[in-house]
Amino acid sequence: MTKNPELAAWVDAVASLTKPDNIHWVDGSETEYGDLIKGMLADGTLEKLNEETYPNCFLHRSDPNDVARVEHLTFVCTTDSEDAGPNNNWMDPAEAHTKVDELFKGCMRGRTMYVIPYLMGPYGSPFSRAGVEITDSAYVVVNMRIMARIGRRALDHIEGGNSFVRGLHSVGELDPEKRFVMHFPEELMIKSIGSGYGGNALLGKKCHALRIASWQARTEGWLAEHMLILGIEDPTGNKTYVAAAFPSACGKTNLAMLVAPPALDGWKVWTIGDDIAWLHLGEDGRLWAINPEAGFFGVAPGTSLSTNANCMHTLGRNAIYTNVAMTSDKEPWWEGIDGPKPSELIDWQGRPHDVEKGPAAHPNSRFTVAASQCPSYSDQANVPQGVPISALIFGGRRSAVAPLVFEALDWEHGVFTAAAVASETTAAATGKVGQVRRDPMAMKPFCGYNFADYWAHWLSFKERSEKLPKIFNVNWFRKDANGSFMWPGFGDNLRVLQWIVERCQGKADAIKSPIGLLPDGKDIDLNGLDLEPETIDALLAIDPEIWHTEVEDIDEYLSSFGDRLPGAIRAQIDRIKREISESQHAA
Ligand code: OXD
Ligand code: MN
């Protein structure tokens with residue numbers, strides 16, 4: 001029930017299309033949450049985990065066909081196909097509405113329709129945006145309650161006259177043939193059917209806070225990015241805030257909650273967000289970031305006390321686990337968790353675990369948990385204006401080519417560098433894992449408009465401020481000839497962040513190369529780390545032969561955007577090609 005006539009009319013229209021048995025306006029209360037959980041325990045949607053060791057934790061096993069984002073079924077429906085760009089699947093808006101509305105027809109018969117008002121961003125922030133998700137999934141409601149700020153206060157925001165994004169979701173028949181995630185940025189609308197998986201169904205997250213928000217951000221002069229936000233405190237207590245973009249399942253959650261290795265005494269990382277950043281230029285010319293989300297929807301496998309202790313201390317209570325395995329004590333379990341593998345496990349599909357049938361936990365199994373439970377949660381995470389960003393960091397999963405770290409020469413070069421990011425694909429989306437693909441700004445699956453226009457938008461910030469953050473590129477994933485990772489990663493990534501902070505403070509040196517500014521091996525603090533000097537040198541080496549091929553590949557990809565590709569990006573390609581060829585001749 002609402003005082004907002006537009007919202008009331010839309011809810012009525014959806015109800016006459018989908019024909020639910022009941023309509024429930026979600027208030028976000030404890031009582032409502034308890035009732036929803038009770039219902040899902042009764043109908044088998046959830047299983048209660050060990051109350052003593054995992055209080056208030058639940059396990060959900062999804063349909064085995066519905067375990068990841070579906071990029072091939074995700075569409076951006078703009079009037080002009082060019083606005084969606086070659087980076088998106090496009091469908092004419094009228095055709096898309098007809099196609100999905102046919103599937104929504106009567107789909108909620110026998111079900112309850114939940115209306116979830118939500119806010120992305122802190123209460124009271126001028127940068128927060130509202131949405132309303134209509135869904136027939138109680139699992140979506142309880143996950144949205146963790147991931148966003150839902151209920152009365154969000155509805156007050158809408159009823160106060162603010163615009164809202166409309167998101168219609170139904171699990172439909174969970175049939176991959178009848179599954180679509182449609183975005184209508186010109187109408188601030190999302191329609192998703194046929195999947196209950198987080199990225200396809202929790203519409204505040206990828207659909208709203210990235211695809212629709214990136215479109216709005218372009219027209220309004222800000223940025224909606226696939227970035228974690230963290231604060232790095234040095235031993236003097238000084239805090240430097242950075243935002244970092246990595247493709248899905250490349251360690252954003254681990255970096256956001258990093259625990260300093262013992263040798264880096266006095267350093268500490270504070271967590272603000274692990275997946276999405278909304279960045280606005282402040283009156284002071286700096287870029288300020290808020291995390292629009294309120295929770296973490298993280299990848300479970302590989303998470304342990306040694307890889308991410310803060311995360312382990314976050315997710316042991318009030319968490320929803322999806323597609324993890326379960327021990328005989330009803331504790332969640334996944335590959336890479338601490339301790340020996342139990343002899344008896346129930347796998348993610350509810351079967352006795354058999355290694356022949358694959359891993360016990362699905363590689364994209366997840367936990368949903370409130371950010372406020374994180375021991376490293378920053379006291380700045382909810383401040384309305386956000387935090388000032390000193391560095392933007394981009395990276396991908398590359399077993400070869402990209403060095404451990406480099407700094408862009410300036411903003412234009414930084415935008416080019418970010419546009420040129422490539423990464424090996426992961427289990428976060430359906431499709432082949434381990435294939436190198438270009439993933440500009442880690443936004444390939446999430447940019448709600450033509451990448452060429454997106455890069456032009458990024459470049460336009462140069463005209464608007466002289467205090468923009470420095471831009472860096474990192475790669476934690478280089479492998480040696482034996483296929484082993486050369487860099488220890490996890491907590492030791494702080495050693496690279498230290499160099500980045502010192503560059504921002506004007507304290508560290510760098511060496512110029514055609515691809516950017518690199519540290520000398522001795523400028524990275526390796527104290528307490530068992531790493532040969534040759535290894536750090538190899539991690540920082542730029543091989544002109546390999547980079548010659550890499551830049552050709554980048555050129556081919558970026559040129560596929562045709563005339564819309566900004567001239568400043570073309571100029572960067574030409575400069576780097578020329579300088580690499582000069583360095584080849586000099587060698
Ligand atoms: C995510 C993703 O869930 O990027 O954050 O897939
Ligand atoms: Mn993500």
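Trainee: Which residue in S14 is the bridge partner of glutamate 233?

Mentor: Good place to start, and keep in mind that this is a predicted model. As a general idea, the strands of a sheet pair through backbone hydrogen bonds, in either a parallel or an antiparallel sense. Here, glutamate 233 has lysine 239 of S14 as its bridge partner. The two strands concerned, S13 (residues 227-233) and S14, run antiparallel and are joined by 7 bridges.

Trainee: How many residues lie between the strands in the hairpin of S13 and S14?

Mentor: There are 5 residues between them. Look for glycine 237 in that hairpin, where the residue takes a positive phi near 95 degrees.

Trainee: In which sense do S14 and strand S24 pair, parallel or antiparallel?

Mentor: S14 pairs with S24 (residues 387-395) in the parallel sense, over 5 bridges. To find the register on your screen, start from tyrosine 241, whose bridge partner in S24 is isoleucine 389.

Trainee: Why is S14 described as largely enclosed by the rest of the structure?

Mentor: Buried here means under 20% relative accessible area. Strand S14 spans residues 239-245, and 6 of its 7 residues are buried, so the strand is largely enclosed by the rest of the structure.

Trainee: How many residues of strand S18 are buried?

Mentor: In S18 (residues 295-299), 4 of the 5 residues are buried, which leaves the strand mostly covered. S18 runs antiparallel to strand S23 (residues 366-370), with 5 bridges between them. Within this pair, phenylalanine 297 stands opposite threonine 368 of S23.

Trainee: Which residues surround ligand 1?

Mentor: Phenylalanine 297 turns up again here: the surrounding residues are Arg69, Lys205, Lys206, His226, Ser248, Asp275, Phe297, Arg366, Ala428 and Phe446. Then check the distances to individual atoms. A side-chain N or O atom of arginine 69 is 2.9 Å from an oxygen atom of ligand 1. For arginine 366, the distance from a side-chain N or O atom to a ligand oxygen is 2.9 Å. Histidine 226 has a polar side-chain atom 3.4 Å from an oxygen atom of the ligand.

Trainee: What is the order of the strands in the open sheet of 3 strands?

Mentor: The order is S21-S20-S22, and the pairing is antiparallel. The edges are S21 (332-333) and S22 (345-346), each of which pairs on one side only. Strand S20 (residues 325-327) is joined to S21 by 2 bridges, and alanine 325 stands opposite tryptophan 333 in S21.

Trainee: Now for empty spaces. How many cavities of 30 Å³ or more does the structure hold?

Mentor: The structure holds 2 of them. The largest cavity has a volume of about 190 Å³. Its lining has 21 residues, and those closest to the centre are Phe406, Thr417, Ala420, Asn473 and Trp547. Helix H11 (411-419), strand S28 (470-474) and helix H15 (544-559) each give at least two residues to this lining, with H15 supplying the largest share, 4 residues. By class, the lining has 13 nonpolar, 5 polar and 3 charged residues.

Trainee: What is the volume of the second largest cavity?

Mentor: That volume is about 50 Å³. Its lining includes His60, Asp66, Tyr139 and Thr322, and divides into 2 nonpolar, 6 polar and 1 charged residues.

Trainee: Which residues lie nearest the centre of the second largest pocket?

Mentor: Thr45, Asp136, Ser137, Ala138 and Val171 lie nearest, out of 20 lining residues. This pocket has a volume of about 420 Å³. Helix H2 (30-43) gives the largest share of the lining, 4 residues.

Trainee: Let me finish with single residues. Is asparagine 310 buried or exposed?

Mentor: Asparagine 310 counts as buried because its relative accessibility is 10%, and the cut-off for buried is under 20%. This asparagine lies in helix H10 (residues 305-314). Its C-alpha atom is 8.7 Å from that of asparagine 254, although 56 residues separate the two along the chain.

Trainee: What is the relative accessible area of cysteine 504?

Mentor: Cysteine 504 has 26%, so this residue is partly exposed. You will find cysteine 504 in helix H13 (residues 494-504). Lysine 470 is 34 residues away from cysteine 504 in sequence, and the C-alpha atoms of the two are 7.0 Å apart.

Definitions and conventions
Residues are numbered from 1 along each chain as its sequence is written. Chains are lettered from A and ligands numbered from 1 in the order in which they are written. This is a predicted model: local features need pLDDT of at least 70, side-chain atom pairs count only at pLDDT 80 or more; totals for chains, interfaces and linings use all residues. Side-chain values use heavy atoms; hydrogens and water are left out. On a 1 Å grid over the protein atoms alone, a cavity is a set of points where a 1.4 Å probe fits but cannot get out, and a pocket is an open set with protein on both sides within 12 Å along at least five of seven lines; lining residues have an atom within 4 Å of a point. Grid points are joined across faces, edges and corners, and a volume is the space filled by probe spheres set on the points. Ala, Val, Leu, Ile, Met, Phe, Trp, Tyr, Cys and Pro count as nonpolar, Asp, Glu, Lys and Arg as charged, and the others, Gly among them, as polar. Buried means under 20% relative accessible area, exposed over 50%, partly exposed in between (1.4 Å probe, protein chains only). Two strands pair if DSSP finds at least two bridges between them. A residue is near a molecule or strand if one of its heavy atoms lies within 4 Å of it. A polar contact is a pair of N or O atoms within 3.5 Å; within protein, one must be able to donate a hydrogen and the other to accept it, and residues adjacent in sequence count only if both atoms are side-chain atoms.
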